[in-house]
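Reader: I'm new to looking at protein models, and I'd love a close look at one part: the empty space inside, and what sits around it. Could you walk me through that in one go?

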Amino acid sequence: MRAVALALLPLLILAAWQAWIVFQVTRDGVASRLRAVAWGVAEEQRDPFIIAQNALKIAARQPEMRDIGPRCADILADLKEGSDEILNYLRTDAAGRGQCSILPIKRGMDMSREAWWLQRGGRQSLYLARPQIGTISRQPVWLMVLPIYDAQGGFGGTISSAISIEGLTMLLRRLEADFPGALMVADANGRPVIDSAKAPFAQLPRIAAAQRTPEKVSLSNGADWTYVSAPL
């Protein structure tokens, strides 16, 4: 029996080695597919943000917009054409008062205590505020905000866009329906902004590292998941 065992040992080692190779290839294949899906979904979800970013920069170059002239609201309405995920554009003055908007507002409406305004904190370039319920739209939104400065460097208020989280959720649900895994949008700390319809993730703890290598996360029911991330 010892002789038989010794004779079979190389075959057992070879079989184990082959099984390990198959496991590695399978795992790498799964990771590659996850990565391809994540980056593909991010590309689709990114469109409203890119549109809003370009629109805000175009608006900031218009004298009528910078001076908050009588055509301010008309210019904002033109920016929204063809982008259903963008709910609103808003121009505020240096004191945080709303001056013109696509959605109806009372001129002079005070925005200076809003989270997105307080988050501005002296920024001079475009930023994305934390997800919140829009004061004007009354819907969950991401606010992209561009501070406006005059030629002398004086602060002149902001132009902002409200991007619908509900619209992005509907897009994600359609993509997730055709994908055997789960899809979600998380913030920079890995907390879900748009939940997956297939699994209740509370947080993805290594969301940034998952852009480079697959990471593991366990749900409260004991299920283990492998995930990757792509920047939105």
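**The space inside and its surroundings**

Author: Let's start with the walls of the largest cavity: by class, its lining has 7 nonpolar, 6 polar and 1 charged residues. Keep in mind that this is a predicted model. How many cavities of 30 Å³ or more does a search of the whole structure find? The search finds 1. The largest cavity holds about 140 Å³ of space. It is lined by 14 residues, and those closest to its centre are Leu90, Thr135, Ile136, Leu143 and Ala162. Two elements, β1 and β7, give two or more residues to this lining. As for how such gaps are found, rolling a probe the size of a water molecule over the atoms shows where empty space is left.

Now the pocket. The largest pocket has about 950 Å³ of space. Its lining is made up of 43 residues, with Met184, Val185, Ala186, Ile207 and Ala230 lying nearest the centre. Which elements each supply at least two residues of that lining? They are α1, β6, β8 (185–186) and β11 (224–227). Of these, α1 gives the most, with 10 residues. Sorted by class, the pocket lining has 31 nonpolar, 8 polar and 4 charged residues.

So much for the gaps; what about the packed parts? In soluble globular proteins, nonpolar side chains tend to be buried together. Here, the largest nonpolar core has 34 residues, and the ones that touch the most other members are Met65, Leu76, Tyr89, Trp142, Ile159 and Ile163. The elements giving two or more residues to this core are α1 (2–60), α3 (72–80), β1 (86–92), β6 (140–149), β7 (155–164) and α5 (165–177). Helix α1 has the largest share of the core, 10 residues. So α1 turns up in both places: it gives the most to the lining of the largest pocket, and it gives the largest share of this core.

Pick out Ile159 on your screen and look around it. Leaving aside residues up to four places away in sequence, Ile159 touches Leu56, Ala59, Ala60, Met65, Leu76, Leu90, Arg91, Met144, Val145, Leu146 and Ile148. Leu90 should ring a bell, being one of the residues closest to the centre of the largest cavity. Apart from the largest core lies another one, of 12 residues, including Leu87, Met111, Ile136 and Ala162. Ile136 and Ala162 are familiar too, as they are among the residues closest to the cavity centre.

Let's zoom out for a moment. The protein chain has 5 helices and 11 strands. Of its 232 residues, 39% count as buried. Take the contacts with a separation of 6 or more: residues 24 or more positions apart account for 43% of them. The accessible surface of the chain comes to about 13,300 Å², and 57% of that belongs to carbon and sulfur atoms.

A few single residues are worth a stop as well. Most residues other than glycine have a negative phi. Ile68 goes the other way, with a positive phi near 50°. You'll find Ile68 in the loop between α2 (63–66) and α3. Is Ile68 buried or exposed? Ile68 counts as buried because its relative accessibility is 18%, and the cut-off for buried is under 20%. Arg138 also has a positive phi, of about 60°, although it is not a glycine. Arg138 is in the loop between β5 (132–133) and β6, and its 62% relative accessibility makes it exposed.

Two more exposed spots round off the tour. Asp78 has its place in helix α3, and it counts as exposed because its relative accessible area is 52%. Measure nothing by eye here: the C-alpha atoms of Asp78 and Ala55 are 9.6 Å apart, with their positions 23 residues apart in sequence. Ala197 lies in the loop between β9 (192–194) and β10 (215–218), and its relative accessibility of 55% is why it counts as exposed. Not counting residues up to four places away in sequence, Ala197 touches Arg173 and Glu176. The C-alpha atoms of Ala197 and Ala177 are separated by 8.9 Å, and these two residues are 20 residues apart along the chain.

Key
Residues numbered from 1 in each chain as written. Predicted model: local features only at pLDDT ≥ 70, side-chain atom pairs only at ≥ 80, totals over all residues. Heavy atoms only, no water. Core = buried A, V, L, I, M, F, W, Y, C linked by side-chain atoms within 4.5 Å. Buried < 20%, exposed > 50% of the residue type's maximum accessible area, 1.4 Å probe, protein only. Helix = DSSP H or I, 4+ residues; strand = E, 2+ residues; numbered from the N terminus. Contact = heavy atoms within 4.5 Å. Areas by Shrake-Rupley, 256 points an atom, 1.4 Å probe, with all protein chains shown as cover. 1 Å grid on protein atoms, 1.4 Å probe; cavity = no way out; pocket = protein on both sides within 12 Å on 5 of 7 lines; lining within 4 Å. Points joined across faces, edges and corners; volume = space filled by probe spheres on them. Nonpolar A, V, L, I, M, F, W, Y, C, P; charged D, E, K, R; others polar.
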